[in-house]
Amino acid sequence: MKIDLTDTTAAKVNKALVEGRRAIGTPAVGMVLTLVVVTDEENAYDALKAAGDASHEHPSRTLVVIKRVSRSPRDRTASRLDAEVRVGADAGTGETVVLRLYGEVADHADSVVLPLLLPDAPVVVWWPVNAPLDPAKDPLGALAQRRVTDTYSSEQPVRELSARADAYTPGDTDLSWTRITPWRSMLAAALDQVVCEVKAVEVEGEEFNPSCELLAMWLADRLDVPVRRSLSAGPGLTAVRLTTSAGAIALDRADGSLATLSIDGQPDRAVALKRRDTAELIAEELRRLDPDDTYASALRFGVDRLNASSAPAPAPAPVQAPSAATTDPAPKGEPVTRAAAPEAAAEAPTTEAASQERAPLKKRAKTT
């Protein structure tokens, strides 16, 4: 059932929700949370479909906030709220309200959303695109216990990770992190099968893919070993290779659906590791409403620190060859010249000092 409201208010939207539930014979409210989706008109359909599919696992009231850009200066000063209320089969297993905000009311979306939140129920805000740099300080984000962004949709995903780390607040999460949950589970299970010490890791995947960077940062943070990031044609993550004291462990997925797990001394195994759609990712995020400390730790490890840890150690400076005065033997009967002795004495502490200066660099490269 659909109810269209033009130039309406939040009170009229609430009244339409009650009338819609009574019309379909379900006056009771059976939703477990409120999902607020902040998007634009271009991406509204895909976001609404994903939220509707996720509602089969998490019955919720879905509020889709679309800020419409007015074309003329006159329209920008005129505030208007249009709403589309969906209940019953048109809204999955919950309720859906599509809110289109025009004019000055678009700058106060929190005032429109606040009266429509389910009482005594958690609130999750999801930005499929154009997420704020600091979601917790956004007016809508301040209403939520969980704030979901998607770094993959930004123009510079890898740089966006640094901004997310600087502005992280408990309750923040990202769908780029959710995408690597099967990879993290499979790698942890593989390491449980052998008793070994991990010495180095290589993560292979597409360039400018934040999921690859997050997986590499998670491994570097948890294993405290150098992690090298290599590029491939994709799709997405393609391989993770671990060098251990018991041999090599590799998880290779070339086609985006079926992966091969290889462990030295064991037969290769085929593993289902398909790329999941947005509805599955949102459904996973709605299963937990507490802060994700593992994501926070991996995010704060930092892309810059990851690149520094995988960089090779600096090569030692070449030692200058000794001068001819110190190598040519003196003729018989002539005293040995001592002109080179001060130079040799001067070179010795210089070489020793250089080795002392290089030692901390090597140690730092190994422990970073």
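**Why is it called that? A tour of the structure**

Guide: In this predicted model, the buried residues of α2 pack against strands β2 (33-39), β3 (60-67), β4 (80-87), β5 (95-102) and β6 (123-126), and against helix α9 (278-285).

Visitor: Which residues of α2 are buried, and how do you know on which side of the helix they lie?

Guide: In helix α2 (residues 44-54) they are A44, A47, L48, A50, A51 and A54. Their directions around the axis cover an arc of only 165°, so they sit on the same side of α2. Y45 and D46 are exposed, on the face turned away from that buried side.

Visitor: What makes spacing along a helix matter here?

Guide: With 3.6 residues a turn, residues three or four places apart in an α-helix point the same way.

Visitor: Why is the aromatic pair of Y168 and Y295 called edge-to-face?

Guide: The planes of Y168 and Y295 are 65° apart, and an angle over 60 degrees earns that name. The centres are 6.1 Å apart, which is within the 6.5 Å needed to count as a pair.

Visitor: What does the pair of Y168 and Y295 tie together?

Guide: Y168 is in the loop between α5 (157-166) and β8 (172-174), while Y295 is in helix α10 (residues 293-301), so the pair ties together parts 127 residues apart in sequence. Both tyrosines are buried.

Visitor: What are W177 and Y295 called as a pair, and why?

Guide: Tilted: their planes meet at 55°, which is neither under 30 degrees nor over 60. The ring centres lie 5.6 Å apart, again within 6.5 Å. W177 belongs to helix α6 (residues 175-178) and Y295 to helix α10, so this pair ties together parts 118 residues apart in sequence. W177 is buried, as is Y295. Y168, W177 and Y295 form one aromatic cluster.

Visitor: How do you know that R80 and D82 form a salt bridge?

Guide: The closest N and O atoms of R80 and D82 are 2.9 Å apart, and the cut-off is 4 Å, so they qualify. The structure holds 21 salt bridges.

Visitor: Are R80 and D82 buried, exposed or partly exposed, and what makes them so?

Guide: R80 has a relative accessible area of 31%, which lies between 20% and 50%, so R80 is partly exposed. D82, at 12%, falls under 20% and so counts as buried. The charged end of R80 also sits over the ring of Y102, 4.1 Å from its centre.

Visitor: How do you know that R146 and E285 link distant parts of the chain?

Guide: Their side chains meet in a salt bridge at 2.6 Å, N to O. R146 is in strand β7 (residues 146-149) and E285 in helix α9, 139 residues apart. R146 and E285 are both buried.

Visitor: What makes R229 and E213 a salt bridge, and why are both called buried?

Guide: The N-to-O distance between R229 and E213 is 3.0 Å, within the 4 Å limit. R229 lies in strand β10 (residues 227-231) and E213 in helix α8 (residues 210-223), so the pair ties together parts 16 residues apart in sequence. R229 has a relative accessible area of 17% and E213 one of 7%; both values are under 20%, so both residues are buried.

Definitions and conventions
Residues numbered from 1 in each chain as written. Predicted model: local features only at pLDDT ≥ 70, side-chain atom pairs only at ≥ 80, totals over all residues. Heavy atoms only, no water. Phe/Tyr/Trp six-rings, centres within 6.5 Å; stacked < 30°, edge-to-face > 60°. Helix = DSSP H or I, 4+ residues; strand = E, 2+ residues; numbered from the N terminus. Buried < 20%, exposed > 50% of the residue type's maximum accessible area, 1.4 Å probe, protein only. Lys NZ or Arg CZ within 6 Å of the ring centre and 35° of its normal. Arc of directions from axis to C-beta. Contact = heavy atoms within 4.5 Å.
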